Each structure stands twice: as structure tokens, then as C-alpha cells.
Amino acid sequence: MNALHDLLRNPGMPTLVGVLVLLAAAWGLGVTSRYVLLRVARTVTRRTEWKWDDALFDHGVFRWLAWMVPAVVVQFGIRLVPGISPDRQRMVDNVMMALMVFFLVMALSAALSAVEDLYRRTPHGSRRSLKGLVQLIKLVLFIVAGLVIVVEITGQQVGLLLSGIGAMSAVLLLIFKDTILGFVAGVQLASNDMLRVGDWITVPGAAADGEVIDITLYTVKVRNFDNTIVTVPTWKLISESYQNWRGMTESGGRRIKRALHLDAASVRFLDEGDIERLGRLRLLHDYVATKSEEVARWNDNLGSANSVQANRRRLTNLGTFRAYAQAYLKASPDIHPRMSCMVRQLDSSPQGIPLELYCFTATTVWPEYERIQADIFEHLFAVLPEFGLRLYQQPSGHDVQQGLARFGAGRAESPSPHLSGS
């Protein structure tokens, strides 16, 4: 009992007890406030039809505000603790003020995230991203909060602190180089509407070929078609060229630009039987009739020179097939009717005569585009023999084997000159 009495008479004992009581009160009020505030906020936000309060709750704004209660209790309760010197009270006030500034900035940061989340759900937000701007505002908030916290804890004036920072401007510019470049690039991308979330872009230098899924202050995330994620620095899209396929998507048509390589040796003039047979095709009936009349008039105007075959105009299987392919594309419901559509002959090469199809599909959906393209070329491949044309193809091992087999069979059938002379 005497020891306890001596302990209670110790001058520092009331101060220690007061501090412990204050900390316990701050902890208890903090737990209670968080429980009550979060429970009330959850109940209110779930019952209202507004979306902004749900976003604020989901991003933890009320949770950060509840953390300010213990700091407020300690800041104002420290004056009630006996034996605390003014210097220590001032130090505790500064630390608690710094904590409140930190919790307030975190709450504002969470509120900005909620605003950005709400904007992203709007129709306009699906095209333009505010994430880079929100990140820049957060960065400024954290810098200002850091300055305020340092000033509160150290007691230095803001002017002196800023003058020291100004002396380190070159170092700060080096540290925040990516931030400055990213902000400038983000402003240019947004103001010129050069990039949106959901755009299909191709960046050759970054191996990016896919859909933009996120635009931040520093990077642009692209999900490639193999489901890999590529991050491209935002400034790279300004300093280097990239391809945006949004125009193709918005136009409603995707281009087909592919050629059939025809064997030049299979090109010939059509005889009367070929013209009559091909004229019965629905897609060629009008073409054959019109072209035949045109050729006949040309040849009649030749007079006596009409007797020479080289002077006369005649239909070719290649030109007739080109007209058939053009009519086939025009009649297809899968080809866009208001966009360029033609079948053109390119320069001949050692790989044959390229006959290129240049048209646009009536859809931009990738699987449908590939199906339409495949259907068109499969049909044209199959109908080529009707015109007496052949595709050019490099000799394969099977072709070489067949040629050697025929060559060997030919040698076996022909008698040897030595044996025939004996």
C-alpha cells in the first residue's frame, strides 16, 4: 500500500494516466465513429437512387473522414491532461493537424476517384478518359499536403520551404519529367480527340495492336488480340506515329484488299461456244450481251482489215472473269454499297497476273469480316475453271514427284536407240 501511495504521489504519474486515458478515449471514439458513420452511410447510400453517394462510399471517402475523429480528440484533449508543458501541447497539436491534413487529402483523393468512376460510366466517359487529369489533380493535392504537413511538424515558414524547393528546380524537373510529358501528351490527345478508351490502335514500335483499355497520366494500356497487355508511355503517342482504327469502325465498313494470282499461260481469247456458255450466267448475261455488241461494232468498222485476226477485238477469259468478280461483289449483300468496290489488274510479276479485289464489307466485326472475305475468295477460286483460268502456284514436292514419275514412264515406253538399231 505504501508503494502504491508513493507511486500515486509521483508528479509524472497523473500525466501518464491522463495520456493513457486520452489515447483510450480517442481509440474508443474512433472505433465508434467509424462503426456508426460507415453503418449510417451504407444504409443511406443503398436506399437512395443516386449513384454518386454509392461511389463515394465504395471508394472509402467516409472511412477516411472517420479516421479524423481520433486526431481531433487527441488535439483538443491534450489540453486536459495535467502536467503537459506548452511545448509538448504544441508538438501534439502540430502532429494531429498533420494527420488530419493527411486524412482529409486521402478523402479528397477517394472522392476524385469516385468522380472519375462515375464519369467513366457515362456515354461520353466511354470515349474520353479523365483518369490522367484526375491523377494530376491528386499529385498536386499530395504535393500541397506534403508541404503543409512538413510546415506543421517543423514549424518552418512556407516561403523558406518554397525557396529551398525553387533552388532544386532542376532536380524536380528531372524527377517529374515523365509527369510533365504525360500531362502535355494527355492534354493534346484529349483536346484533339486522338485517342479514346475502346479504340483499336496499332503502335509498331511498342508491339501494341489491340484495344485501348485505360488511359492514365503516364501510360496507355492496350489489350492485344492475344490477350496480352502492353503499356505504352502517353508521350510516345505524340512523339511517334501510331494507327487508330476508329475511323474504320465508325464508317461501318472494313476494307478487303487481296489479290488472286492467275497463271498468265491460261489467259486466252473466248470462242463462240465460250461466249454462249458464259452468257447464260446470271451475273454475266448483261455484260456479255453489251460487250459482244461493242466488239461487233468495232470489228465492223475495220472494213477489209477485219479479215486479219490480230486486228479484231475479241473477248478474253481474264476480262470476262474480272467482270464476273465485279458483278459478284456488287450483288453480295455483305459488301458495303456506298463504298469503293472494284476489281483491278495489277502489274504482272513472276508470280503471275494479280487480280486484286478492293471493296469494303458491310460490317466491321472481325469474325464476320473474315467469314465474308473467305466466302468471296472460295467462290472465285472454285469458279475459275469455268473461265479456263488457273491460279499460279509455286511447284510443291508433290508436283516434282509427279513430273519425275511421268518423265520416268516416258523413258520406259520409248525404245533405246541402240536396241532399235541392232
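**Reading the labels on a predicted model**

Modeller: Let's start with a pair of side chains: Gln373 and Glu370 are joined by a polar contact of 3.5 Å. Keep in mind that this is a predicted model.

Colleague: What makes that pair of side chains, Gln373 and Glu370, a polar contact?

Modeller: The distance does part of the job. The cut-off is within 3.5 Å for a pair of N or O atoms, and the side chains of Gln373 and Glu370 come in at 3.5 Å, so the pair counts under that rule.

Colleague: And why is Gln373 called buried?

Modeller: Its relative accessible area is 4%. Buried means under 20%, so Gln373 gets the label. As for its place, Gln373 sits in helix α16, which covers residues 366-383.

Colleague: Which residues does Gln373 touch, apart from its neighbours within four places in sequence?

Modeller: Ile256 and Arg258 are in contact with it.

Colleague: Okay, cysteines next. How do you know that Cys341 isn't bonded to the closest cysteine sulfur?

Modeller: That closest sulfur belongs to Cys359, and it is 5.1 Å away. A disulfide needs the two sulfurs within 2.5 Å, so the gap is too far for a bond. Looking from the other end, Cys359 has its closest cysteine sulfur in Cys341, again at 5.1 Å.

Colleague: How many disulfides does the rule give, then?

Modeller: The count comes to 0.

Colleague: Are those two cysteines, Cys341 and Cys359, buried or exposed?

Modeller: Check each one against the 20% limit for buried. Cys341 has 14% relative accessibility, so it counts as buried. Cys359 has 0%, so it is buried as well.

Colleague: Now the surface. What makes up the nonpolar patch?

Modeller: Leu133, Ile137, Ile180, Phe183, Val184 and Val187 make it, and it covers about 470 Å². The elements giving two or more residues to it are α7 (131-154) and α10 (177-191). Helix α10 supplies the largest share, with 4 residues.

Colleague: Why does Phe183 count as partly exposed?

Modeller: Phe183, which is in helix α10, has a relative accessibility of 33%. Buried is under 20% and exposed is over 50%. A value of 33% falls in between, so partly exposed is the right name for Phe183. A patch residue also needs over 30%, and Phe183 has 33%.

Colleague: What is unusual about the phi of Ala207?

Modeller: Most residues other than glycine have a negative phi. Ala207 is not a glycine, yet its phi is positive, about 55 degrees. You'll find Ala207 in the loop between β1 (200-203) and β2 (208-215).

Colleague: Which other loop should I look at, the one between β3 and β4?

Modeller: That one holds Asn227; the strands on either side are β3 (219-224) and β4 (229-233). Asn227 has a positive phi of about 70 degrees although it isn't a glycine.

Colleague: Why are Ala207 and Asn227 given the accessibility labels they have?

Modeller: Exposed means over 50%. Ala207 has 60%, so it counts as exposed. Asn227 has 61%, so it counts as exposed too.

Colleague: What does the protein chain contain overall in helices and strands?

Modeller: There are 18 helices and 8 strands. Of the chain's 422 residues, 32% count as buried. The chain exposes about 26100 Å², with carbon and sulfur atoms supplying 62% of that.

Conventions:
Residues are numbered from 1 along each chain as its sequence is written. This is a predicted model: local features need pLDDT of at least 70, side-chain atom pairs count only at pLDDT 80 or more; totals for chains, interfaces and linings use all residues. Side-chain values use heavy atoms; hydrogens and water are left out. Buried means under 20% relative accessible area, exposed over 50%, partly exposed in between (1.4 Å probe, protein chains only). A polar contact is a pair of N or O atoms within 3.5 Å; within protein, one must be able to donate a hydrogen and the other to accept it, and residues adjacent in sequence count only if both atoms are side-chain atoms. Contact means heavy atoms within 4.5 Å. Patches are made of residues with over 30% relative accessible area and no salt bridge: like charges are joined within 9 Å, nonpolar side chains (Val, Leu, Ile, Met, Phe, Trp, Tyr) within 5 Å. Accessible areas come from the Shrake-Rupley method with a 1.4 Å probe; for residues, only the protein chains shown count as cover. A salt bridge is a side-chain nitrogen of Lys or Arg within 4 Å of a carboxyl oxygen of Asp or Glu.
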